[in-house]
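Me: I'm new to reading protein models, and I'd like a close look at one part of this one. Could you go slowly and then walk outward from there?

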Amino acid sequence: MPGFAELGLSSWLVEQCRQLGLKQPTPVQLGCIPAILEGRDCLGCAKTGSGKTAAFVLPILQKLSEDPYGIFCLVLTPTRELAYQIAEQFRVLGKPLGLKDCIIVGGMDMVAQALELSRKPHVVIATPGRLADHLRSSNTFSIKKIRFLVMDEADRLLEQGCTDFTMDLEVILAAVPAQRQTLLFSATLTDTLKELQGLATNQPFFWEAQAPVRTVEQLDQRYLLVPEKVKDAYLVHLIQNFQDEHEDWSIIIFTNTCKTCQILCMMLRKFNFPTVALHSMMKQKERFAALAKFKSSIYRILIATDVASRGLDIPAVQLVINHNTPGLPKIYIHRVGRTARAGRQGQAITLVTQYDIHLVHAIEEQIKKKLEEFSVEEAEVLQILTQVNVVRRECEIKLEAANFDEKKEINKRKQLILEGKDPDLEAKRKAELAKIKQKNRRFKEQVEHTLQRQKANRAGQRGRPPRARPEAHSASAPIQGPA
Ligand SMILES: Nc1ncnc2c1ncn2[C@@H]1O[C@H](COP(=O)(O)OP(=O)(O)OP(=O)(O)O)[C@@H](O)[C@H]1O
């Protein structure tokens with residue numbers, strides 16, 4: 001099997017890999033590094049924890065060492081924590097170069113960031129919102145001459161989820177040169193391939209790991225069917241058992257909202273589980289501190305929203321619990337990918353209520369694997385049920401007293417003002433966008449319905465004896481396009 005040197009990397013980089021314990025390239029590195037070194041655009045799709053970051057960091061560092069200048073490379077990523085993690089890989093692998101990097105993410109001081117940008121760092125690692133803000137408001141730096149544009153978790157950057165990056169990406173893409181190398185990576189690229197191909201047009205090289213299952217083999221994937229009302233008792237039971245059975249243990253629990261995340265964190269602490277929360281309602285400094293404490297095993301449980309579902313590389317995590325069944329298989333793939341990374345073993349348990357069974361089927365269909373049932377002693381869960389419910393209610397009351405919902409609304413408005421946007425106008429814009437989306441959806445349904453009717457009509461006509469005089473027009477209703 002070829003080593004890093006055979007991929008065309010310089011000896012100093014091979015030595016850096018060796019020092020970091022990277023002995024052999026992983027398949028995604030084997031596939032992508034030579035193509036990137038050749039100067040081609042690259043779309044890399046490989047399972048979670050398979051070393052995609054080094055697959056782009058290594059060839060970029062090599063090219064940078066041949067022609068060093070700033071700003072040489074721009075990396076875009078959907079979350080702030082991920083930006084710091086990628087920067088660290090650049091720093092560690094690029095140490096002999098004296099690499100200067102700069103992290104541009106929301107929630108941090110904008111003036112200090114502007115100053116750093118003006119000092120021409122070699123690599124800028126950014127979340128789209130904050131970088132676009134800098135581009136809109138400052139002319140003290142330029143990304144017009146970058147050689148590399150990387151979009152990590154590229155499908156997430158392009159999708160219009162709860163954080164919509166579209167407008168910010170437009171600003172950024174207008175500011176980068178057309179002549180550049182574009183590198184797009186994710187464990188779930190394939191769904192957005194068409195949109196992504198438009199970004200990578202320079203002899204694009206598409207690399208996808210061929211595997212019958214889309215999650216890693218070392219991951220034991222289970223589901224636990226629980227009635228909605230007793231979910232938390234099951235959660236406490238699962239954690240207690242895991243703690244009893246393992247000496248060194250580390251768990252990530254995913255929840256669907258910031259509020260549930262906060263309440264569950266308070267609740268688990270009442271049961272003396274060393275828990276920290278990570279969600280977007282926390283101040284950025286608190287987010288970093290929480291992650292640092294979890295990474296250093298001061299806290300054994302990280303309870304998080306999907307802000308932590310992509311990219312985070314914390315090797316010690318042995319168990320992922322989905323407190324809610326993810327609505328999209330893609331989210332499931334990224335969440336459970338926080339364990340069983342780089343060849344290690346791991347387990348994922350998804351709590352499934354009676355309302356979520358169809359979601360599990362969708363997940364199984366996507367990952368091409370059946371989840372197995374996780375069995376628990378129900379009698380043991382029943383013993384703690386009342387206590388758990390009482391504690392949860394206490395935590396809810398405490399959180400309500402702290403005006404969590406109001407704070408959330410105020411935070412949102414503050415954030416918009418900081419971004420130079422008018423909160424009321426933004427609300428209006430969002431409502432209009434939702435209307436357009438709904439109209440488009442209705443239009444699509446109408447088209448599909450009409451096509452189906454036409455198909456049925458044609459099939460019916462084929463079965464009937466020929467008419468004396470064929471109809472001159474279709475019987476279907478005319479389609480009206482969306483406004
Ligand atoms: N060649 C290698 N040999 C051994 N370990 C490696 C190698 N390359 C990367 N790793 C390690 O594998 C782990 C996962 O890598 P990385 O975070 O890049 O995964 P990823 O594919 O980007 O995952 P995700 O899709 O979750 O973002 C890291 O701890 C990294 O140091």
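In which loop is Glu 153 found?

Reply: Happy to help! Please keep in mind that this is a predicted model. Glu 153 is found in the loop between β5 and α7, the latter covering residues 154-158. Its backbone is worth a pause: Glu 153 has a positive phi of about 55°, although it is not a glycine. Most residues other than glycine have a negative phi. As for its surroundings, Glu 153 has a relative accessibility of 5%, so it counts as buried, the cut-off being under 20%.

A useful partner for comparison is Ala 342. Phi of Ala 342 is near 50°, again a positive value in a residue other than glycine. Ala 342 lies in the loop between α13 (329-336) and β13 (346-352). Here the relative accessibility is 59%, so Ala 342 counts as exposed.

Now go back to β5, which spans residues 148-152, and look at the loop that joins α6 (128-137) to β5. Arg 147 is found in that loop. With 28% relative accessibility, Arg 147 counts as partly exposed. Arg 147 and Arg 180 are 33 residues apart in sequence, yet their C-alpha atoms are 4.9 Å apart in space.

From here we can turn to the aromatic rings. Phe 148 forms one aromatic cluster with Tyr 69 and Phe 72. Within this cluster, Tyr 69 and Phe 72 make an edge-to-face pair, with 5.3 Å from centre to centre and 70° between the planes. The two partners sit in different surroundings: Tyr 69 is partly exposed at 26% relative accessible area, whereas Phe 72 is buried at 0%.

The backbone has another feature to show you at Ile 71. The peptide bond from Gly 70 to Ile 71 is cis, with omega near 0°. Most peptide bonds are trans. Ile 71 lies in the loop between α3 and β2, a strand of residues 73-76.

Helix α3 leads us to another ring pair. The structure holds 4 aromatic pairs, and one of them joins Phe 56 and Phe 185. This pair is tilted, at 5.5 Å centre to centre with 40° between the planes. Phe 56 belongs to helix α3 (residues 52-66) and Phe 185 to strand β6 (residues 181-186), so the pair ties together parts that are 129 residues apart in sequence. Phe 56 is buried, with a relative accessible area of 0%, and Phe 185 is buried too, also at 0%.

Finally, α3 takes us to an open space. Rolling a probe the size of a water molecule over the atoms shows where empty space is left. The second largest pocket holds about 900 Å³ of space. Its lining has 35 residues, and Gly 51, Thr 53, Gln 89, Asp 313 and Arg 341 lie nearest its centre. The elements that give two or more residues to this lining are α3 and α4 (80-93), and α4 provides the largest share, 7 residues. By type, the lining residues divide into 11 nonpolar, 14 polar and 10 charged. Domain 1 (4-208) and domain 2 (219-407) both contribute to the lining of the second largest pocket, so the pocket lies between them.

Methods:
Residues numbered from 1 in each chain as written. Predicted model: local features only at pLDDT ≥ 70, side-chain atom pairs only at ≥ 80, totals over all residues. Heavy atoms only, no water. Phe/Tyr/Trp six-rings, centres within 6.5 Å; stacked < 30°, edge-to-face > 60°. Helix = DSSP H or I, 4+ residues; strand = E, 2+ residues; numbered from the N terminus. Buried < 20%, exposed > 50% of the residue type's maximum accessible area, 1.4 Å probe, protein only. 1 Å grid on protein atoms, 1.4 Å probe; cavity = no way out; pocket = protein on both sides within 12 Å on 5 of 7 lines; lining within 4 Å. Points joined across faces, edges and corners; volume = space filled by probe spheres on them. Nonpolar A, V, L, I, M, F, W, Y, C, P; charged D, E, K, R; others polar. Domains from an automatic or database assignment.
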